[in-house]
Amino acid sequence: MTTTTPTTSASTNSTAQAAGVVGAQQLAGNFDTFLTLLTTQLKNQNPLDPLDTNQFTQQLVEFASVEQQVNMNSNLQTLISMQQTSQSLQALQLVGQTVTVNSSTAALSNATGNPATWTFVSPSPATGNVTITNSSGQVVLTGTISLSAGNQTYAWNGKGNNGLTWPDGNYTLSINATGANGQALTVTTEVQGKVTGVNVNQNPPQITVGGQSYPISAIEAIN
């Protein structure tokens, strides 16, 4: 089981928060300077030619508006950071769980006797042309299967068209389905596997299933 600790996202959040603090401090300094100049001018104004107070009032309102925007951005950054932390904690709880992910790549393990297994959904009965490729893109098996409507499973024991057993690894299934009316059908493929690792440095967090990395949003079900 492999887990990692958050570094990249935390560093990014810290940088953004630091920038927000600096911006707020600069704004506060400018605001104080503005108030000092304002009060000084008001004290030394010519009674016969007073300063335009409406203009100063407008500037005060503009400064207050900018200050509110800086505070809003800071609060928003805090909420985003809290949400990312919550996602990371949820992802870590998945380690050791068996999940179903939206993928066409499954693991073959001859050593443990586990075939590469895919679950797919066909909208209606059809004929499917199956192609299985290895991680290098080399075709290892081609064939034709009959599809029924709904969920079904396809398991491959590792034997290719040449009758030889391919080594352990990740293999990708492709199905080109044709319905009874001759029209092409879209077949959705899923795989099941145990979550063996989580990378919380990514946003969203990435889970490892069967040696493959998937975003946490790829999970269709927890079995």
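Three bridges join β4 to β10 in this predicted model, and the two strands run antiparallel. Along that pairing, V121 has T188 of β10 as its bridge partner. Strand β10 also pairs with β2 (residues 98-102), again in the antiparallel sense, over 5 bridges. There, T100 stands opposite Q192 in β10. A further antiparallel pairing ties β10 to β11 (residues 206-209) through 4 bridges, with N199 taking Q206 of β11 as its bridge partner. β10 and β11 make up a hairpin, and 6 residues sit between them.

Strand β10 spans residues 188-199 and holds E190. This glutamate is a bit of an oddity to look at: E190 is buried yet has no salt bridge. The nearest side chain of opposite charge belongs to K194, and that one is 19 Å away. So what does E190 touch, leaving aside residues up to four places away in sequence? The contacts are T100, V101, N102 and S103, then W118 and T119, and finally E220. One of these, T100, is also the residue opposite Q192 in the β2 pairing.

Now for the aromatics. Searching the whole structure turns up 2 aromatic pairs. One of them is W118 with Y154, a tilted arrangement with 6.2 Å centre to centre and 40 degrees between the planes. That pair links distant parts of the chain, with W118 in strand β4 (residues 116-122), Y154 in strand β7 (residues 150-156), and 36 residues separating them. Both W118 and Y154 are buried. The other pair, W156 and Y171, is edge-to-face, at 4.9 Å centre to centre and 70 degrees between the planes. Here too distant parts of the chain are linked: W156 lies in β7 and Y171 in β8 (residues 169-179), 15 residues apart. W156 counts as buried because its relative accessibility is 3%, under the 20% cut-off. Y171 is likewise at 3% relative accessibility and therefore counts as buried.

Where do these rings sit with respect to the largest nonpolar core? That core has 34 residues, and W118, Y154, W156 and Y171 are listed among those with the most contacts inside it, along with I132, L147 and I207. As background, nonpolar side chains in soluble globular proteins tend to be buried together. I132 brings the two ring pairs into one picture: counting only residues more than four places away in sequence, I132 touches W118, Y154, W156 and Y171. The rest of the I132 contact list is Q138, V139, V140, L141, T172 and L173.

Next along the chain comes T133, which lies in strand β5 (residues 126-133). T133 counts as buried because its relative accessibility, 18%, falls under the 20% cut-off. Beyond residues up to four places away in sequence, T133 touches Q138, V139 and V140, plus N170, Y171 and T172. Is S135, in the loop between β5 and β6 (139-147), buried or exposed? S135 is exposed, because its relative accessible area of 69% is over the 50% cut-off. Even so, S135 and the buried Y171 are 6.1 Å apart in space, C-alpha to C-alpha, with their positions 36 residues apart in sequence.

Technical notes: Residues are numbered from 1 along each chain as its sequence is written. This is a predicted model: local features need pLDDT of at least 70, side-chain atom pairs count only at pLDDT 80 or more; totals for chains, interfaces and linings use all residues. Side-chain values use heavy atoms; hydrogens and water are left out. Rings of Phe, Tyr and Trp (its six-membered ring) pair if their centres lie within 6.5 Å; planes under 30 degrees apart count as stacked, over 60 as edge-to-face and the rest as tilted. Buried means under 20% relative accessible area, exposed over 50%, partly exposed in between (1.4 Å probe, protein chains only). Lys and Arg count as positive and Asp and Glu as negative; His and the chain ends are not counted. A salt bridge is a side-chain nitrogen of Lys or Arg within 4 Å of a carboxyl oxygen of Asp or Glu. Contact means heavy atoms within 4.5 Å. A nonpolar core is a set of buried Ala, Val, Leu, Ile, Met, Phe, Trp, Tyr and Cys residues joined through side-chain atoms within 4.5 Å. Two strands pair if DSSP finds at least two bridges between them.
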